[in-house]
Amino acid sequence: MGRRDRNNRRQGRQKSPWSSSRPEAKPALRPRFNPETPADIAARESAIRDFKARQVVCPICEKPIEDLASAIADKASGKPAHFDCVLNKLTSAESLAANQRVAYIGQGRFAVLSYENPSDTKHFKIEKVIEWEDKNNPLDWRGEMAELYSKVK
């Protein structure tokens, strides 16, 4: 038997004795999560309102922090501080050349960046990395905020 004859047989000309003419019914889909009850939703929304109502003050500028999600920990105290206050503090502490700038690079770290062409911000070189937040020491205020706003339980 040639290759073409085997392919014709596979394409349905001769049915297998194990195949059925009727498709199998698929099982009904069940939700894979436990839906929240209205009481759970109300309790979480109340906890979020209480969390937002707290007055948190920046230890650098001593002004209230409106958006705690954009705050970064103060290096000395670990309390939330304005991101811009920390960036300004680092910029003034570093002696920067005309083609250098301090930027946030993620995971609680800043860096001194140098540009060959200051108008071309795509091409830069990291001169110095500044470890600001300790990644091994989780912050309580950030963990509390993550628990309140997390969609996955």
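**An aromatic cluster and a three-stranded sheet**

Phe83, Tyr104, Phe110 and Trp132 are joined into a cluster by ring pairs. The cluster is a handy place to enter this structure, which is a predicted model. Across the whole structure, the search returns 5 aromatic pairs. One of them brings together Tyr104 and Phe110 in an edge-to-face arrangement, with 5.2 Å from centre to centre and 70° between the planes. The two partners differ in their surroundings: Tyr104 is partly exposed, because its relative accessibility is 37%, whereas Phe110 has a relative accessible area of 0% and is therefore buried. Phe110 also pairs with Trp132, again edge-to-face, at 6.4 Å between centres and with the planes 85° apart. This second pair links distant parts of the chain, as Phe110 belongs to strand β4 (residues 109-114) and Trp132 to the loop between β5 (125-131) and α4 (140-149), 22 residues apart. Here both rings, Phe110 and Trp132, are buried.

Stepping back to the fold as a whole, the protein chain holds 4 helices and 5 strands. Read from the N terminus, the order of these elements is α-α-β-β-α-β-β-β-α. The protein chain has 153 residues, of which 21% count as buried.

Strand β4, the home of Phe110, takes part in an open sheet of 3 strands, arranged in the order β3-β4-β5 with antiparallel pairing. The edges of the sheet are taken by β3 (100-106) and β5; each has a single partner strand, so one side of each lacks a neighbour in the sheet. From one strand to the next, the twist averages 30°. As for β4, 5 of its 6 residues are buried, so the strand is largely enclosed by the rest of the structure.

On one side of β4, the antiparallel pairing with β3 runs over 6 bridges. Within this pairing, Gln100 faces Ser114 of β4, and Val102 is set opposite Val112, also in β4. The two strands make a hairpin with 2 residues between them, and the turn includes Gln107. For Gln107, phi is near 55°, a positive value in a residue other than glycine. Gln107 sits in the loop between β3 and β4, and its relative accessible area of 58% is why it counts as exposed.

A second non-glycine residue with positive phi is Glu62, at about 60°. Glu62 is placed in the loop between α2 (38-53) and β1 (72-73). Glu62 is exposed too, because its relative accessibility reaches 64%.

On the other side of the sheet's central strand, β4 and β5 are likewise antiparallel partners, joined over 6 bridges. Leu113 is found opposite Ile126 of β5 in this pairing. Ile126 turns up again in a nonpolar patch on the surface, in the company of Ile105, Phe124 and Val129; together these residues have about 320 Å² of accessible area. Val129 is another residue of strand β5. With a relative accessible area of 40%, Val129 falls between the limits of 20% for buried and 50% for exposed, and is therefore partly exposed.

Strand β5 also contributes to a charged contact. Side chains of opposite charge can pair when their charged atoms come close. The structure holds 1 salt bridge, in which the side chains of Glu94 and Lys128 meet at 3.0 Å, N to O. Glu94 lies in the loop between α3 (83-93) and β3, while Lys128 is in strand β5, so the salt bridge ties together parts that are 34 residues apart in sequence. Lys128 is partly exposed, because its relative accessibility is 40%.

Definitions and conventions
Residues are numbered from 1 along each chain as its sequence is written. This is a predicted model: local features need pLDDT of at least 70, side-chain atom pairs count only at pLDDT 80 or more; totals for chains, interfaces and linings use all residues. Side-chain values use heavy atoms; hydrogens and water are left out. Rings of Phe, Tyr and Trp (its six-membered ring) pair if their centres lie within 6.5 Å; planes under 30 degrees apart count as stacked, over 60 as edge-to-face and the rest as tilted. Buried means under 20% relative accessible area, exposed over 50%, partly exposed in between (1.4 Å probe, protein chains only). Two strands pair if DSSP finds at least two bridges between them. Axes are lines fitted to C-alpha atoms, for helices over the stretch in contact, and angles run from 0 to 180 degrees between N-to-C directions. Patches are made of residues with over 30% relative accessible area and no salt bridge: like charges are joined within 9 Å, nonpolar side chains (Val, Leu, Ile, Met, Phe, Trp, Tyr) within 5 Å. Accessible areas come from the Shrake-Rupley method with a 1.4 Å probe; for residues, only the protein chains shown count as cover. A salt bridge is a side-chain nitrogen of Lys or Arg within 4 Å of a carboxyl oxygen of Asp or Glu.
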